[in-house]
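Here is a quick tour of one protein fold. Take a look at the model first, then read on.

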Amino acid sequence: MLSRLLRQFLFALLHLILNFIVGAQNVYCRYWLKKHSLQDYEVTKTDLKLIVKHIPKLSKQPKHLVVLSDSDYHSIDDLARMVIWSLVAGIPFLSFYDVSGQLSYQEEKLFNAVEKNKKGVPGCIKWSKKPDLNGYTNGIPAHKIVVNIFSCQNGRSTITQCIKEMCEEKIPYNRKSDQITAQEFDDVISAVYPSIPDPDLALFSGPVCCTHGLLPWQIRLTEFISLSVDYNLSVESFVGAMYKYSKCDQRFGT
């Protein structure tokens, strides 16, 4: 009886301590974000030199990079710098996965922040939701990057809708049997997302690795790498993540 009460007491005490640690961490993260969001963050020459110095040393780079963005912790300037870093690194596709559901309504702010940070940086940036904009460049042959913003509505909801329309024969596809094969469904999904390849790398920040429903069909072979535990997005952590991805041995199977 006594040992059971002791175990319950120790369990409750441990639970209380963990709650206190998580609470303190959340308070620190919010304080850090509030303090640093008052500053005008822009891409510096030091950032660009660091990327130009290290990226050519990598054995491989992602063709499609996804960043899990949370507006409660990541500012628009944070994400704008991520666009410029990816452009300079030569990454063709960059997607932000809107975890909090707020970034989708701030796309214009992100566009303006990117334009402010891009001054003097060669390259072309295309926005998938702005087909009338062909990007902007300085007339110098350089990298091109396509930027997308996804949310949870582009995940399971889209898959459910695709399956429903396939069963109702509303989506044309090469059907060979009564059962839908993985390849047939993959062809349909590729038609729904025609402008992007499957993500090679997903970057997240915070103490927990969670997909938050990120494009569940497309991330079968995606590498998830942490940028930071405290939600800080720095050029050093970005380059470090590129090195980690470069060393990953992705097994595609047969």
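The notes below go from the sheet to the helices and then to a few single residues.

## Ground rules

This is a predicted model, with local features needing pLDDT of at least 70, side-chain atom pairs counting only at pLDDT 80 or more, and totals for chains, interfaces and linings using all residues. Numbering starts from 1 along each chain as its sequence is written, and side-chain values use heavy atoms, with hydrogens and water left out.

Helices (H or I, at least four residues) and strands (E, at least two) are DSSP runs, numbered from the N terminus.

## The sheet

Start with the open sheet: six strands in the order β3-β4-β2-β1-β5-β6, with parallel pairing. Two strands count as paired if DSSP finds at least two bridges between them. The edges are β3 (124-127) and β6 (223-228); each has a single partner strand, so one side of each is left without a neighbour in the sheet. On average, neighbouring strands are turned by 25° against each other, direction ignored. Axes here are lines fitted to C-alpha atoms, for helices over the stretch in contact, and angles run from 0 to 180 degrees between N-to-C directions.

Over at the β6 edge, strand β5 (residues 201-205) pairs with β6 in the parallel sense over five bridges. Phe204 sits opposite Ser226 in β6.

## Helices on the sheet

Two helices to look at here are α3 and α4. Helix α3 packs on the sheet and touches β1 (64-69), β2 (93-98), β3, β4 (144-150) and β6, with its direction making about 160° with that of β2. Helix α4 (residues 107-117) also packs on the sheet, touching β2, β3 and β4, and its direction makes about 175° with that of β3. Contact means heavy atoms within 4.5 Å.

How many residues of α3 are buried? The count is 14 of 14, so to speak a mostly covered helix, where buried means under 20% relative accessible area, exposed over 50% and partly exposed in between (1.4 Å probe, protein chains only). The length of α3 (residues 76-89) checks out too: at 1.5 Å a residue its 14 residues should span 20 Å, and the end C-alpha atoms are 20 Å apart. That expected span is 1.5 Å times one less than the number of residues. Right after α3 comes Gly90, with a positive phi near 85°.

## A helix pair

Helix α5 (residues 156-167) and helix α6 (residues 182-192) have axes that come within 11 Å and cross at roughly 120°. On the α5 side, the contact is made by Thr158, Ile159, Cys162, Ile163 and Met166; α6 brings Glu184, Phe185, Val188, Ile189 and Val192. By class that is eight nonpolar, one polar and one charged residues. Ala, Val, Leu, Ile, Met, Phe, Trp, Tyr, Cys and Pro count as nonpolar, Asp, Glu, Lys and Arg as charged, and the others, Gly among them, as polar.

## Residues to click on

Val147 is in strand β4 and counts as buried at 2% relative accessibility. Leaving aside neighbours within four places in sequence, Val147 has contacts that include Val83, Leu94, Phe96 and Ile125. Ser128 is another of its contacts; the two are 19 residues apart in sequence and 6.2 Å apart in space, C-alpha to C-alpha.

Most residues other than glycine have a negative phi. His212, in the loop between β5 and β6, has a positive phi of about 55° and is partly exposed at 41%. Tyr231, in the loop between β6 and α7 (235-246), has a positive phi near 70° and counts as buried at 14% relative accessibility.
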